[in-house]
Amino acid sequence: MTYAIEAHGLTKEYSLGDQTGLSSLLRSASRKPAVSPRTLVALDHVSFVVEPGESIGIVGSNGAGKSTLLKVLARVTGPSAGHGIVRGRLGTILEVGTGFHPELTGRENVFLSGAILGLSQREVTAKFDEIVDFAGVEKFVDTPVKRYSSGMYVRLAFAVAAHLDPDILIVDEVLAVGDLRFQKRCLERMEEATTRQGRTILFVSHNLQAVRSLCRRSLLLEGGRLVADGATSDVIQSYLGAQRTSMDLRQASLKNRRDRTSGRALFTSISIAGTDGIERWSFQSGERAVLRLEYEVHERLENLGLLVFFASAGDGGLVSTIKECLKATELAPRERGTCILTIDTGRMRPGSLSLSICLGNKDTSVFEDVIDSNVKLPFLEIASDETDLHLRSGYFDMDYKIHHATMQSA
Amino acid sequence: MHNIPSYEISDRAPWRVDVAELWRYRHLVWLLAWRSIRIRYKQTVLGLLWAVVAPLAFTVIFFAFFRIVSVRPTGGLPQAPVMFLGLILWQLFSRGLTEASVSLTNNSGLITKVYFPRLALPLAAVVSSLADFAITLVLLAALLLWYAVPLSPHVLLAPLFVLHMLALTLGCGLWLAAIDGFFRDLRHAIPLLLQLGMLVSPVVYVTSSLVPEKLRTLYDLNPLVAPLEGFRWSLLVGAEPPEAAMIVKSVAITIVLLFTGMVFFNRVERSVIDRV
């Protein structure tokens, strides 16, 4: 059996500290291993093989080494140790709009970006109309892309990448941009590429639902090491299980939080569980999630309010907010409180939600503390067994009635 | 399963330069060069005409300067064509070199996101300076007509001297592009070095009329002398031909610079990518 991708002990170290100077130049020319004791191990002996036609999801928290792995496989950067083989024409989408220049027109950028991503001139010429059509920017092909709306820019950039037609496609978190409708079209295109055309796909995403629907097998990276390799549902389960469900916040990232807020009242702990009392961040659509928030007042406050933002982890679009006045009267220092928030996920469509939990005054014009993904708050994961792509995209289930009648004309 | 493009991932930096692969990416080199020309003159009124402004202005300045100090730096040759000729070939070198030296670091957005042979970047930088050169050639032709300089069959050799200059530019550019990834100081030093370089090369003067005989051995080590003198000789009837020994020396230096530059660039390019 010939594998499409083989990785044997891939390791990538970055040396921290002073990066310039003669010694580092000589070292890289002679390829001696870095002597600096301060190194960051981004990838730690990662080994796996991929068969042709497989689509593999790569999950893990930020900094786990997902992007580094893709870059090493795509030859963007070389490994510090280990080796591997990639068989087949490779297309990489590590970023939307690689090679795009704002001063150039849409047409010029399509050709340039196509060439950079590895398409020949003939291929770009042949696919040009299809690319422009896919992006829906026919009227603006001869306008500099700096005049494009960000949506148009992203669509055109992705359209070029989506038409690479490689044997192996490496995609890094690019679906995080663009509107939902376009994201869905891209997912459909990738699904088509793997199921019908038998392409091999490596797919990094925080959108676990997308990974679930696209990949049967997944890899879980943690601190640069490959900790799980198997069926996607198992891997995602262990990924979510590994995330901290209750956070003791008394010391956590205090500087980061204080820099952004006034810090006169701070959360001391946040935990989340199902109604069964089991702590977790993953819920089936329809379950109730119980958030338990504890805080302590440090300086006198006029009043206290709670604001919770629910945003799509994919594109950051706001899905919903909760705003409550916790106490309308004065709070003294050392006063503590506990707040239990029960959320019905009944109408939520599957996806990852990024939460921002904020303490503030009752108008929330002043923030006292903010806990969000910047201080490692995990995503709230809504899963669903629904297999129809159209019934699990979007943010929520709408209430609707439909009436339909047919008639035979004479 | 045969003929599937495949590649190996290795922790060792290559000694060998994959020329065949670079050839497959020639279209990209062309597009990158075209991009930098487009962007350089975008939203300028004069556009590509700016390429002739600098050599023209320097011709006027040096013409006036040598007139004031009463030195005839060009022997029996007409001064303006001699200076302009030298200046446009010098500009090919200096612009190509400047652009090539920052080609790796200034394209960090590209090289950290997608693979392509990195040699394409300094190569494209040098190619893009050819566009400026082509424009200046038009003005040169006009100048030669104005001074009624007849063409000799030597003109057929002119492209060879331009090619020699391009190879020299690329050779130096490859070294500087690689070093720039480690010492950003370089980009402050390059303009200074180029100004010095222009004075110690026969750009606005003819070697035999200004350079003292006892310094000639040292002077001839400058690999820029041969293509500059050669280009002048091929276009101006009456100019002295560069000595064969000097050409051989210069070509040898160029070849060494080019090959060592390619290998050095290829070896350190990976480390630069981890640094930008």
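The questions and answers below concern a predicted model of two chains, A and B.

Q: What makes the contact between Asp274(B) and Lys12(A) a salt bridge?
A: The criterion asks for a side-chain nitrogen of Lys or Arg within 4 Å of a carboxyl oxygen of Asp or Glu. In this pair the closest N and O atoms are 2.6 Å apart, so the criterion is met. The count between chain B and chain A is three salt bridges, while the structure holds 26 over all chains.

Q: Why does the pair of Glu123(A) and Arg89(A) count as a salt bridge, and which parts of chain A does the pair tie together?
A: The side chains of Glu123(A) and Arg89(A) meet at 3.1 Å, N to O, and because the cut-off is 4 Å, the name applies. Glu123(A) belongs to helix H4 (residues 121–135) of chain A, whereas Arg89(A) sits in the loop between E4 and strand E5 (90–93) of chain A, so the pair ties together parts that are 34 residues apart in sequence.

Q: How do you know that strand E4 of chain A pairs with E1(B)?
A: Pairing requires at least two bridges between two strands. Strand E4 (residues 81–87) of chain A is joined to E1(B) by four bridges, with the strands running antiparallel, so the requirement is satisfied. One example of such a bridge is given by Val86(A), whose partner in E1(B) is Tyr7(B).

Q: What is the order of the open sheet of four strands, and why are two of its strands said to stand at the edges?
A: The order is E2(A)-E1(A)-E4(A)-E1(B), with antiparallel pairing. Strand E2 (39–50) of chain A and strand E1 (6–9) of chain B each have a single partner strand, so one side of each is left without a neighbour in the sheet. On average, neighbouring strands of this sheet are turned by 20 degrees against each other, direction ignored. Within the sheet, strand E1 (residues 5–15) of chain A is joined to E2(A) by eight antiparallel bridges, and Tyr14(A) has Leu40(A) as its bridge partner in E2(A).

Q: What makes E5 and E9 of chain A the edges of the open sheet of six strands?
A: This sheet of chain A has the order E5-E6-E7-E3-E8-E9 and mixed pairing. E5 and strand E9 (225–231) of chain A each have a single partner strand, so one side of each lacks a neighbour in the sheet. The twist averages 15 degrees from one strand to the next. Strand E8 (residues 217–222) of chain A pairs with E9(A) in the antiparallel sense over six bridges, and Leu219(A) stands opposite Asp229(A) in E9(A).

Q: How do you know that E13(A) pairs with both strand E11 and strand E16 of chain A?
A: Strand E11 (residues 265–274) and strand E13 (residues 288–297) of chain A pair over nine bridges in the antiparallel sense, with Ile270(A) opposite Leu293(A). Nine bridges likewise join E13(A) to strand E16 (residues 336–344) of chain A, again antiparallel, and Glu294(A) has Thr338(A) as its bridge partner there. Because two bridges are enough for pairing, both pairs qualify.

Q: Why is the link between Glu103(A) and Lys146(A) called a polar contact?
A: The two side chains approach to 3.2 Å, and because the limit for a pair of N or O atoms is 3.5 Å, this distance falls within the limit. Glu103(A) is found in the loop between E5 and helix H3 (106–117) of chain A. Leaving aside neighbours within four places in sequence, Glu103(A) is in contact with Pro144(A), Lys146(A), Lys42(B) and Gln43(B).

Q: What does the area buried between chain B and chain A consist of, and which residues of chain B lose the most?
A: About 4200 Å² is buried between the chains, 61% of it on carbon and sulfur atoms. In chain B, Tyr7(B), Ile9(B) and Lys113(B) lose the most area to chain A, together 20% of what that side buries. The contact itself involves 41 residues of chain B and 50 residues of chain A, and eight residue pairs between the chains are in polar contact, both residues at pLDDT 80 or more. The side of chain B that touches chain A divides into 22 nonpolar, seven polar and 12 charged residues.

How values were computed: Residues numbered from 1 in each chain as written. Chains lettered and ligands numbered in written order. Predicted model: local features only at pLDDT ≥ 70, side-chain atom pairs only at ≥ 80, totals over all residues. Heavy atoms only, no water. Axes fitted to C-alpha atoms, helices over the stretch in contact; angles between N-to-C directions. Contact = heavy atoms within 4.5 Å. Buried area = accessible area lost by both parts, 1.4 Å probe. Polar contact = N/O pair within 3.5 Å; in protein donor to acceptor, adjacent residues only side chain to side chain. Nonpolar A, V, L, I, M, F, W, Y, C, P; charged D, E, K, R; others polar.
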